[in-house]
Amino acid sequence: MVTHSKFDSAMSSSPLDASMRLPPHRYKTFSSKLQYQLILNAVRKLQESGFYWNTVSGKEANNLLSSEPAGTFLIRDSSDNRHFFTLSVKTASGTKNLRIQCDSCSFFLQTDPKNAQSVPRFDCVLKLIHHYMPSKGTSSAGNGRSTYFIYSGGEKIPLELLRPLSSSMSTLQHLCRKTVNGHIDISSKRDQLPHTVKEFLQDYDAPI
C-alpha cells in the first residue's frame, strides 16, 4: 500500500535545497513512491534549466510572454492541484497553457483531449520539451518530426517551442554541459571522460 504524500511536506524532509519547496497553498498528492522520486528529479533539473518560473500564475506567465515572439515558452508550477507542472507558450493566438501530465513513471502532453492515440512519454520534463522543439537550423515543419497542435477554444494552433524564457542566469559550466549534451556524436566517447565530468553531464542530461 502506498501512502499519499503532500508535495510540500515531502520536499521539506528531503535533502534538496529549501528553495525547491512549494508554498503551503500548493499541496500536491503523489500516487506512488515512484512518482514522488520522478517529481523530485524533475524539480532538481528544472531549477538548473534556467527557464523554470516556479510559482508564477497563468496571468503572470501571460504578462511575461506578452512581448516575446511566438514560440517562446516557460515551465511553471501548475495552479491545478491535480497536476505538477504547466507549459506556457506564446503562440500566434496569444499565450496558451498546457498541463504537463504525469503518471508514476513518465511525463507527457495531451494537447488534443479527443485524440485516443498514444502520445510520446518521457522520464524527464526537459526531454519532453526537447522532443517538441525543432532541430537546430530547421523549422518545426522541416525537421522531419511530427507536427503537433494545441486544441483550445475551437482553435487548432501549431505547437511550436522555439526558445525558453530565461528566469535566471546560467553558469558557464552549465552552458558548456548543455552544449556537450546537444552533440549526439560525443555519446560514444563519454566513457573516455573523467568520472567527475561524466557525473556532471549525467546530472543534467538535456541539451536545453
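Tyr52 is a good place to start in this predicted model: with a relative accessible area of 10%, Tyr52 is buried. Its neighbour in ring space, Phe85, is buried as well, at a relative accessible area of 2%.

**Aromatic rings**

A search of the whole structure turns up seven aromatic pairs. In one of them, the ring centres of Tyr52 and Phe85 are 6.4 Å apart and the planes meet at 75°, so this pair is edge-to-face. Tyr52 sits in the loop between α2 (33–49) and α3 (58–65), while Phe85 belongs to strand β2, so the pair ties together parts that are 33 residues apart in sequence. Phe85 also pairs with Phe84: here the centres lie 6.5 Å apart and the planes are at 45°, so the pair is tilted. Both Phe84 and Phe85 are buried.

Which residues do the ring pairs link into a cluster? They are Phe30, Tyr36, Tyr52, Phe84, Phe85 and Phe107.

Charged side chains meet rings too. Arg121 lies over the face of Phe108, at 3.9 Å from the ring centre. Lys156 does likewise with Phe149, lying over its face at 4.5 Å from the ring centre.

**Salt bridges**

The structure holds seven salt bridges. Here are some of them, with the separation of the closest N and O atoms.

| Residue | Partner | Closest N and O atoms |
|---|---|---|
| Arg163 | Glu68 | 2.4 Å |
| Arg82 | Asp80 | 2.6 Å |
| Asp103 | Arg121 | 2.6 Å |

Let us take the bridge between Arg163 and Glu68. This pair links distant parts of the chain, 95 residues apart: Arg163 is in strand β7 (residues 163–164), and Glu68 is in the loop between α3 and β1. Arg163 is partly exposed, with a relative accessible area of 35%.

Then there is the salt bridge of Asp103 with Arg121. It also joins distant parts of the chain, with Asp103 in the loop between β3 (94–102) and β4 (107–109) and Arg121 in the loop between β4 and α4 (125–131), 18 residues apart. Asp103 is partly exposed at a relative accessible area of 24%, and Arg121 counts as partly exposed too, at 43% relative accessibility. Arg121 is the residue that lies over the face of Phe108, and Arg121 forms the salt bridge with Asp103 as well.

Are the two partners Arg82 and Asp80 buried or exposed? Arg82 counts as exposed, at 66% relative accessibility, whereas Asp80 counts as buried, at 14%. Asp80 and Arg82 are linked with Arg99 in a network of salt bridges.

**The loop between β1 and β2**

His83 has its place in the loop between β1 (72–77) and β2 (85–91). This histidine is buried, with a relative accessible area of 12%. Leaving aside residues up to four places away in sequence, His83 touches Lys28, Ser78, Arg99, Ile100 and Gln101. Arg99, one of these contacts, is also part of the salt-bridge network with Asp80 and Arg82.

Ser79 is in the loop between β1 and β2 too, but Ser79 counts as exposed, at 56% relative accessibility. From C-alpha to C-alpha, Ser79 and Gly58 are 8.0 Å apart in space, with their positions 21 residues apart in sequence.

**The sheet and its helices**

Five strands make an open sheet in the order β4-β3-β2-β1-β7, with mixed pairing. β4 and β7 stand at the edges with a single partner strand each, so one side of each is left without a neighbour in the sheet. β7, the strand that holds Arg163, runs parallel to β1 and is joined to β1 by two bridges. Phe73 stands opposite Pro164 in β7.

Which strands does α2 lie across? They are β1, β2, β3 and β4, and α2 runs at about 45° to β2. α3 packs on the sheet as well, touching β1, β2 and β3, and its direction makes about 155° with that of β1.

Key
Residues numbered from 1 in each chain as written. Predicted model: local features only at pLDDT ≥ 70, side-chain atom pairs only at ≥ 80, totals over all residues. Heavy atoms only, no water. Helix = DSSP H or I, 4+ residues; strand = E, 2+ residues; numbered from the N terminus. Buried < 20%, exposed > 50% of the residue type's maximum accessible area, 1.4 Å probe, protein only. Contact = heavy atoms within 4.5 Å. Phe/Tyr/Trp six-rings, centres within 6.5 Å; stacked < 30°, edge-to-face > 60°. Lys NZ or Arg CZ within 6 Å of the ring centre and 35° of its normal. Salt bridge = Lys/Arg side-chain N within 4 Å of Asp/Glu carboxyl O. Pairing = 2+ DSSP bridges. Axes fitted to C-alpha atoms, helices over the stretch in contact; angles between N-to-C directions.
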